[in-house]
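Biologist: I should be grateful for a close look at a single helix of this model, with attention to how its faces are placed and what lies against them.

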Amino acid sequence: MQDNSYIYLDHAATTSVHPEVVEAMNPFFSEYYGNPSGLYSMAQESRRSVDQSRKIISNFLGCRPSEIIFTSGGTESDNLAIKGSVNVNNSSGRHVLTTSIEHHAVLNSCLQLEEIGFDVEYLTPDSDGLIDPHEIYNRIRKETVLVSIMLVNNEIGTVQPISRITEMIKQKSTELGIKIPFHTDAVQAIEFEEINVNTLGVDLLSLSGHKFGGPKGVGVLYIRRGVPLNSLQSGGGQERERRSGTENVPGIVGLSKAISILDIRKEANKRYCRNLRDRLIDGISKRIPGTYLNGHPTIRVDNNVNFCFEGIEGEPLLVGLDFNGIFASSGSACSSGSLEASHVLTSIGRPVELAKSSLRLTLGYTNTSDEIDYVLDKLVELVSKLRSMPIL
Ligand SMILES: Cc1ncc(COP(=O)(O)O)c(C=O)c1O
């Protein structure tokens, strides 16, 4: 539960579970705890709830229930999409196209493919973090077996032109007479962007429950009908043989409840967070000299603010904010705490030293404009203090 003793500005890392989600999940821990594969009535209640959840989610995505499988989160969905959709035994087609600014769940999956002989090309974005759809058209070849491009970047919030990229892939694959599955990591997009799979035109799409008021440890992979996918786990053949393992029933119910809540409040949330975001961006740009906004100024997700502050390091800034009850991040959740410059910031051309001074503030609907004003005051104070400190 959120109290007034801190200001949480790390919603891209994770979110608190919505109270209605907790309520929806609760019975599935101790009342209807049956294994959905069982034949008795309690187990069938679990099965019904999993099926019902699948329907809710597929409605939201605009697909069939059978096109959705449940996973343990965004990382697993990305791994399965990438390693499961390329045919490792096909030596004639081993070219994969992705970007240098993907989440490590995608990048490290691609690295693994490289280790077994795949040729992975990493497109670099422009200085705002945008990938040029024409570049994708130009790089696709007869050997291309997968394209994976994220919808919203988790660090800088830039939104990629996915529908346009789909058009380019379709055009080029028709010319070459091949079929290329297109995967998008939509983990950071679900709360604010259009993620109807037909509007986007993607074949595979990853989601994670804990980024939008759902529980941790549960995710979704959408797989368009007809797109081949090899399972990465051997076991009991759940999820139509594509993801073995007893279903995480409370998690699945919680994720679908979070989607139902999101469906109702999405538009209002977007407007609300965008307002706070712009107030924060404006305040930092005007009140603190030597700052650089990372990511596209307008084609960015409604809750993301990411700046570099000349002359300081991100870590002491984070510590100072924490000391003042403000929780933020220096990059992606996984890389915060490490001293390395973010791969996303160096990819958009930030020099290493400047990249190390980054701060990511990600908003949620529980944040208020008073909180933003307080954060701005503290930032002005802390940046000035850190800049005046002697360099050791
Ligand atoms: C863009 C993106 N993809 C994938 C993931 C991984 O998701 P999960 O934490 O559910 O494994 C994250 C989490 O930070 C993310 O931001």
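Modeller: The cover over the buried residues of α10 includes the strands β10 (304-309), β11 (326-327) and β12 (358-362), together with the helix α13 (369-388). The model is a predicted one, and the description that follows should be read accordingly.

Helix α10 spans residues 314-323, and its buried residues are G314, L317, L318 and L321. Viewed down the axis of α10, these buried residues fall within an arc of 100°, and therefore they line one face of the helix. It is the residues of this face that elements including β10, β11, β12 and α13 cover. On the other side of α10, the picture is the opposite: V319 and F323 are exposed there. Thus L317, L318 and L321 are among the buried residues, whereas the exposed V319 and F323 lie on the other side of the helix.

The end of the helix may be considered next. α10 is followed by G325, which has a positive phi, near 80°. Beyond the helix, strand β11 comprises residues 326-327 and is one of the elements that cover the buried residues of α10.

Taken together, α10 presents a face lined by G314, L317, L318 and L321, which lie within an arc of 100°. V319 and F323 are exposed on the other side, and G325, with its positive phi, follows the helix.

How values were computed:
Residues numbered from 1 in each chain as written. Predicted model: local features only at pLDDT ≥ 70, side-chain atom pairs only at ≥ 80, totals over all residues. Buried ≥ 20, exposed ≤ 12 C-beta atoms within 10 Å, placed from the backbone. Helix = DSSP H or I, 4+ residues; strand = E, 2+ residues; numbered from the N terminus. Arc of directions from axis to C-beta. Contact = placed C-beta atoms within 7 Å.
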